[in-house]
Amino acid sequence: MEKESPNQFSNIKNIIGIMSGKGGVGKSSVTALTAITLREQGYNVGILDADITGPSIPKVFGLNQRKAMGTPSGVEPVVSSSGIKIMSINLILDNEDEPVVWRGPIISNAVKQFYTDVIWGDLDYLLIDLPPGTGDVPLTVMQSLAIDGIIIVSTPQDLVKMVVNKSMKMVKMLHTPIIGVIENMSYFICPSCDEKHKLFGESKVRDAAKSMGTHLISEIPMDPLLVELSDEGKIELYTKHNFTFSDTYQKEINKA
Ligand code: ADP
């Protein structure tokens, strides 16, 4: 299948997809934090929110009241306070609380248009927040956009489960390079004793990732502050609170 190209107003150097086997594991949070980290390093970054039926990117950046503007040459993304360009179905719909009840092919087309019809400008990185699982949209995105790499987000127990294995298999079948696995909600640091607690017991993610031919590249703690700032639309402040991805992840993403 021929890969789509963005419009004449966009020049995108790297496209990275962020996927997970199921919802609620922190895929959108990891997408947002990756974008913020890359932006802090001085890169031009965009987020394409392809999670059409559960879009949460505008909310965590505090952009739910904003709308993307249509122009004769394409749609202008909304820009966050730190300068990240964002496109999401919630930035187009009149009422963001209304569910999107489109069928798969229409959703897939909308996602493709978020690539081809949005004026992204010069981007070093376009991060695509994919819907969970192995549905139409991840498949379309991987088949039709020139993805440079995929990051898989998992919680400690999930990677071993079938769904993620299927996601991994889909990625491999489509010959999309896997950058690595991020384990979210990996541990909890006790506020009174400062000790690291593995809430879900010893994780099997590292071994599972290895057996699938990839590797664990970062572990993110469970942190109530992340939820609080995300709910307030201030996720861009989170990296000021001692949050950093591992060096391995930063290296992997910078070479993508
Ligand atoms: P997904 O995109 O996989 O559905 P989200 O990123 O929307 O998941 O996260 C689901 C919920 O879990 C959100 O309320 C988010 O703030 C919370 N969350 C994500 N990562 C963490 C974490 N490391 N610590 C605490 N809460 C988290």
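I47 in strand β2 has L127 of strand β7 as its bridge partner. This pairing belongs to a set of five bridges that join β2 (residues 45-49) to β7, the two strands running parallel. The model described here is predicted. The points below start from β7 and then turn to β8, the nonpolar core, helix α7 and the chain as a whole.

**Strand β7 and its partners**

- Strand β7 spans residues 121-129, and eight of its nine residues are buried, so the rest of the structure largely encloses this strand.
- Strand β1 also pairs with β7, in the parallel sense and over eight bridges.
- Within the pairing of β1 and β7, G17 stands opposite I128 of β7.

**Strand β8 and its partners**

- Strand β8 covers residues 149-154; six of the six are buried, so β8 too is largely enclosed by the rest of the structure.
- In a regular strand, side chains alternate between the two faces of the sheet.
- In β8, G149, I151 and V153 point one way, while I150, I152 and S154 point the other way, and all of them are buried.
- Strand β1 (residues 10-20) is joined to β8 by five bridges, and these strands run parallel.
- The bridge partner of S20 in β8 is V153.
- Five bridges also join β8 to strand β9 (residues 178-183), again with the strands running parallel.
- Opposite S154 stands E183, a residue of β9.

**The nonpolar core**

- In soluble globular proteins, nonpolar side chains tend to be buried together.
- The largest nonpolar core of this model contains 73 residues, and those with the most contacts inside it are L48, F61 and I128.
- Helix α1 (residues 27-40) contributes the largest share of this core, namely six residues.
- Leaving aside residues up to four places away in sequence, I128 touches I15, I16, G17, I18, L48, A50, V141, L145 and I147.
- The list of residues touched by I128 thus includes G17, which stands opposite I128 in the bridging of the strands, and L48, which is itself among the residues with the most contacts inside the core.

**Helix α7**

- Helix α7 runs over residues 224-231, and its buried residues are L226, L229 and S230.
- Seen down the axis of α7, these buried residues fall within an arc of 100°, so they line one face of the helix.
- An α-helix has 3.6 residues a turn, so residues three or four places apart point the same way.
- The exposed residues P224 and D231 are carried on the face of α7 turned away from its buried side.
- Among the elements that cover the buried residues of α7 are α1 and α2 (57-60).
- Helix α1 therefore has two roles in this account: it supplies the largest share of the core, and it is part of what covers the buried residues of α7.

**The chain as a whole**

- The chain has eight helices and 12 strands.
- Its radius of gyration is 17 Å, close to the 18 Å given by the globule rule for 256 residues, so the chain is as compact as a globular protein of that length.
- Taken along the principal axes, the C-alpha atoms fill a box of roughly 55 × 40 × 35 Å.
- Of the 256 residues in the chain, 51% are buried.
- Among contacts in the chain with a separation of 6 or more, 78% are between residues 24 or more positions apart.
- The accessible surface of the chain comes to about 12000 Å², and carbon and sulfur atoms account for 51% of that surface.

Methods
Residues are numbered from 1 along each chain as its sequence is written. This is a predicted model: local features need pLDDT of at least 70, side-chain atom pairs count only at pLDDT 80 or more; totals for chains, interfaces and linings use all residues. Side-chain values use heavy atoms; hydrogens and water are left out. Buried means under 20% relative accessible area, exposed over 50%, partly exposed in between (1.4 Å probe, protein chains only). Helices (H or I, at least four residues) and strands (E, at least two) are DSSP runs, numbered from the N terminus. Two strands pair if DSSP finds at least two bridges between them. A nonpolar core is a set of buried Ala, Val, Leu, Ile, Met, Phe, Trp, Tyr and Cys residues joined through side-chain atoms within 4.5 Å. Contact means heavy atoms within 4.5 Å. The radius of gyration is taken over C-alpha atoms; the globule rule is 2.2 Å times the number of residues to the power 0.38. Accessible areas come from the Shrake-Rupley method with a 1.4 Å probe; for residues, only the protein chains shown count as cover. The arc is that of the directions from the helix axis to the C-beta atoms.
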